[in-house]
Amino acid sequence: MLLRIIAAALTVAAPAAAETVAFTAARMLDVTTGRYVASPVVVVTDGRIVAAGAKVVVPVGAKRVDLGGLTLLPGLIDMHVHLDSVPRWGGYSGLQFSDSYFVVAATANARAMLDSGFTTVRNVGSTNYSDVGLREAIDDGLVPGPRIVSAAYALGATGGHCDETYFPPSFARQSPAVVNGVDQARVRVREQRKYGAQVIKVCATGGVFSRNTEPGQQQLHEAELAAIVDEAKLWGLRVAAHAHGSTGIKAAIRAGVHTIEHASLIDAEGIALAKARGAYLSMDIYNTDYTQAEGAKNGVMEDNLRKDREVAQIQRDNFRAAHKAGVKLIFGTDAGVMPHDQAARQFATMVQYGMTPAEAIRAATATAAEALGMADRGTIAPGRWGDMIAVAGDPLADVGTLTKVAVVIKGGTVVKDAR
């Protein structure tokens with residue numbers, strides 16, 4: 001009897017056997033070299049890639065997933081999204097809903113991005129810590145979605161782009177992450193980290209879709225930005241700075257900010273500084289196509305659309321100049337300003353403004369992972385997560401094929417198969 005009890009206990013305690021899946025396809029893109037590997041085999045065990053290449057043998061007993069004539073790529077990374085934003089409710093129109101509506105909407109938007117091939121997203125600013133809760137629910141297997149790198153609330157000046165700027169004094173609405181002075185800057189970093197931030201987002205300048213701010217305005221002093229970066233470094237966090245204006249961009253780079261978001265009005269000095277300091281630029285050069293076509297009917301105020309028009313072409317021209325200068329560019333769309341399932345449309349705009357398809361893809365894979373400081377994604381190689389996508393055709397010849405992802409794999413599990 002005792003032996004049976006011990007045997008039963010050992011059976012319960014024994015770890016589950018590791019699941020191994022072998023994926024095969026017509027070819028696989030090595031994003032670091034920009035070359036294809038013909039007839040690859042990618043072996044994933046317990047969610048991680050253990051082998052990948054043309055001469056890999058399928059392990060005995062492995063589950064095999066044949067992707068046929070499709071092209072295999074690493075899962076895509078969007079470095080600038082807002083999952084709890086719904087673009088069809090612009091301006092004041094979103095006030096018709098309860099706060100919790102946008103948490104539920106974030107769940108649907110996360111699924112839309114995953115289905116579009118984005119297996120990792122960096123959510124650079126949310127309300128009510130919704131991105132933290134959604135990340136936890138996805139990681140716990142409750143809902144489907146990409147791997148989220150969450151920023152929680154974005155830090156910003158009182159009355160600045162990341163504050164509540166749409167309301168009169170009688171409403172007394174203020175972001176809980178306002179920064180007024182160096183000491184408060186450090187406190188805000190600690191608060192966001194305490195409640196789940198994995199990256200710190202700060203607004204260094206005014207913005208397009210805020211009221212009573214202009215994109216070119218610098219809104220935090222360089223000393224405040226430096227304090228934020230220093231405090232984040234203490235806790236092992238990187239910093240992303242919303243910065244449209246040239247002075248704010250340069251202040252953020254000098255303060256040690258890792259990624260500059262938008263960078264619309266960057267000048268030659270800022271481009272040279274970004275290259276010298278190794279800062280990454282995340283320039284959302286597609287979404288104006290959507291906002292100018294749909295913004296007015298979605299309730300976006302004309303003043304916001306005016307700012308959007310004024311910076312759009314300048315930003316695109318500066319993207320070209322930054323790329324030509326050799327600045328590190330990463331893929332970030334500001335999805336939430338536009339529908340999340342349109343994020344991949346930006347690839348074609350990046351190519352239109354100077355990148356090769358291989359460079360644009362690298363910006364959303366290996367370079368994005370490098371900017372995150374996360375070596376466990378961005379390429380199909382041993383040790384990385386088994387996050388991959390498969391498309392029909394040749395994305396190096398037509399980057400538009402990335403808008404039609406046929407298969408999405410996350411952690412070695414097929415989460416979408418539209419073949």
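Domain bounds here come from an automatic or database domain assignment. The structure is a predicted model.

**The cavity between the domains**

One cavity of 30 Å³ or more is counted. The largest cavity holds about 60 Å³ of space. Domain 1 (20-74 + 379-417) and domain 2 (76-338) each give residues to the lining of the largest cavity, so the cavity lies between them.

The lining of the largest cavity consists of Gly75, Leu76, Ile77, Thr119, Thr120, Arg377, Gly378, Thr379, Arg384, Trp385 and Asp387. Strand E8 (76-81) and strand E9 (118-123) are the elements that give two or more residues to this lining.

**The packing of H4 and H5**

Two packed helices are described by the angle between their axes and the distance between the axes. For helix H4 (residues 182-194) and helix H5 (residues 222-234), the axes come within 8 Å and cross at roughly 35°. The crossing of H4 and H5 is right-handed. On the H4 side, the contact is made by Val182, Ala185, Arg186, Val189 and Arg190. On the H5 side, the residues are Ala223, Glu224, Ala227, Ile228, Asp230, Glu231 and Ala232.

**Residue classes**

The table sets out the residue classes at the two sites.

| Site | Nonpolar | Polar | Charged |
|---|---|---|---|
| Contact of H4 with H5 | seven residues | no residues | five residues |
| Lining of the largest cavity | three residues | five residues | three residues |

The contact of H4 with H5 thus has no polar residues, whereas the lining of the largest cavity has five.

How values were computed. Residues are numbered from 1 along each chain as its sequence is written. This is a predicted model: local features need pLDDT of at least 70, side-chain atom pairs count only at pLDDT 80 or more; totals for chains, interfaces and linings use all residues. Side-chain values use heavy atoms; hydrogens and water are left out. Axes are lines fitted to C-alpha atoms, for helices over the stretch in contact, and angles run from 0 to 180 degrees between N-to-C directions. Helices (H or I, at least four residues) and strands (E, at least two) are DSSP runs, numbered from the N terminus. A crossing is left-handed if the near helix is turned anticlockwise from the far one by less than a right angle, and right-handed if clockwise. Contact means heavy atoms within 4.5 Å. Ala, Val, Leu, Ile, Met, Phe, Trp, Tyr, Cys and Pro count as nonpolar, Asp, Glu, Lys and Arg as charged, and the others, Gly among them, as polar. On a 1 Å grid over the protein atoms alone, a cavity is a set of points where a 1.4 Å probe fits but cannot get out, and a pocket is an open set with protein on both sides within 12 Å along at least five of seven lines; lining residues have an atom within 4 Å of a point. Grid points are joined across faces, edges and corners, and a volume is the space filled by probe spheres set on the points.
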